[in-house]
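Let's take a walk through this structure together. Please have the sequence and the 3D view open as you read.

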Amino acid sequence: MSAGVTQSLERLIEGWSGEAVVARFDRPTGTWIFIALHDTSLGPAVGGCRMKTYPSPQDGLRDAMRLAEGMTYKWAGIGFPFGGGKSVLAVPRPLTGDAREGLLRRFGRLLDTLRGTYVTGEDLGTTPEDMSIIAEETSYVHARPGELLDPGPYTALGVFAGIEAAVRAAGVNGGEIEGLRVLVQGVGDVGAPLARMLAKRGAEVLLADLDERRAAVLAEEIGATAVPADEVYATPCDVYAPCAVGATLNPGTAEELRCAIVAGSANNQLDSPRVADRLAQRGIVYVPDYIVNAGGATALPMVAEGADEDRIRERVLRVGDVVSEILARAAEGECTPAAAADARVRETLDAAAGGRVRLSVS
Ligand code: PHE
């Protein structure tokens, strides 16, 4: 975490711009459960569930709050009628087996008592299997009992479309994917399918993961090059695709990066809004995270509505159109892409508040 001082839970809640926080301590596993509801002006809060070990419960709550805010922006960005929410299961250590299942079931029953105020889904640290366990306790989850639904490949497809759009807009590598040097950081649920897509289309793929074996195995499979995790920022590339934890764009890495474009799936990539300005000064195009990583959020409600696969993919690919629009707006308005995207979100939120738009899924 970047903030040096640990704030109390009370201070964090007092200082937050969101609507509400639901908190529970799960005694059997020693887990703090936080559900952060940021802004429900577009609809009920929907957002994934992160399971992670944090240095303190406060760090878990802060993450939930920042992630919930990101979801408000993500839903407004794609124009779906949902609000920003996110949950964090701040586990004291990695949980497996019965302990994990017990926690997920109790979390599912807690969601059920909220009666749809918040709907959950997969996020970093949770799996489609976890979601299908939660679905045995509540219907307020993007999953069904006994069925596995993985948003990762859809998120990856959206990031791919976003990279294509950004490369074209910035004129990098002649606007082509073939021969484009892309560094994918994190080869998990999104990074791995993204890397496969890029390699298939002839990009020169570089892979990094904290688990260096995992990066090496995938590199071998797709003909990519593994890069040590601590060399990610200084490695020259056309596109840096952060697909792991957030806050990798900070005052230090903003100086170190040797790429033309940043476009990846991680939520909350900017450690602070100022970093976006510094990247722009250095001539690096930062594609706002909540725009380029919206593929999974696009797909989940469409799957729930029974949309067919072709329609879902077509809608996810529109992430590329939104990226083009935002980069064009930034160029016209002489502002950063982050500022252009934020302005677009505010327009949507204001229009919804004023009753001037009716949003729907698809
Ligand atoms: N956690 C993923 C994301 O942040 C996928 C997801 C989207 C899960 C929406 C639930 C709801 O985009």
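What follows moves from the overall fold to charged pairs and then to a patch on the surface.

Keep in mind that this is a predicted model. The chain's secondary structure amounts to 14 helices and twelve strands. Along the principal axes, its C-alpha atoms fill a box of roughly 55 × 50 × 45 Å. The radius of gyration is 19 Å, which agrees with the value near 21 Å for a compact globule of 362 residues. Buried residues account for 56% of the chain.

Now turn to the charges. Side chains of opposite charge can pair when their charged atoms come close. The structure holds 21 salt bridges. One of them joins E137 to R105, with the closest N and O atoms 2.8 Å apart. This pair links distant parts of the chain: R105 sits in helix α3, while E137 is in the loop between α4 and α5, 32 residues apart.

Next, find R201 and E164, whose closest N and O atoms are 2.9 Å apart in another salt bridge. R201 lies in the loop between α6 and β8 and E164 in helix α5, so the bridge ties together parts 37 residues apart in sequence. R201 is partly exposed, at 42% relative accessible area.

Two helices meet through a further salt bridge, E347 with R329 (2.9 Å, N to O). Because E347 belongs to α14 and R329 to α13, the pair ties together parts 18 residues apart in sequence. E347 is partly exposed at 44%, and R329 is partly exposed at 25%. Elsewhere, salt bridges with shared partners join E101, R105, R109, E136 and E137 into one network.

Finally, look at the surface, where D211, E212, D230 and E231 form a negative patch. D211 is found in the loop between β8 and α7, and its relative accessible area of 39% makes it partly exposed.

Terms used
Residues numbered from 1 in each chain as written. Predicted model: local features only at pLDDT ≥ 70, side-chain atom pairs only at ≥ 80, totals over all residues. Heavy atoms only, no water. Patch = residues over 30% accessible without salt bridge, like charges linked within 9 Å, V, L, I, M, F, W, Y side chains within 5 Å. Areas by Shrake-Rupley, 256 points an atom, 1.4 Å probe, with all protein chains shown as cover. Salt bridge = Lys/Arg side-chain N within 4 Å of Asp/Glu carboxyl O. Lys, Arg positive; Asp, Glu negative; His and termini not counted. Charge placed at Lys NZ, Arg CZ, Asp CG, Glu CD. Helix = DSSP H or I, 4+ residues; strand = E, 2+ residues; numbered from the N terminus. Buried < 20%, exposed > 50% of the residue type's maximum accessible area, 1.4 Å probe, protein only. Rg over C-alpha atoms; globule rule 2.2 N^0.38 Å.
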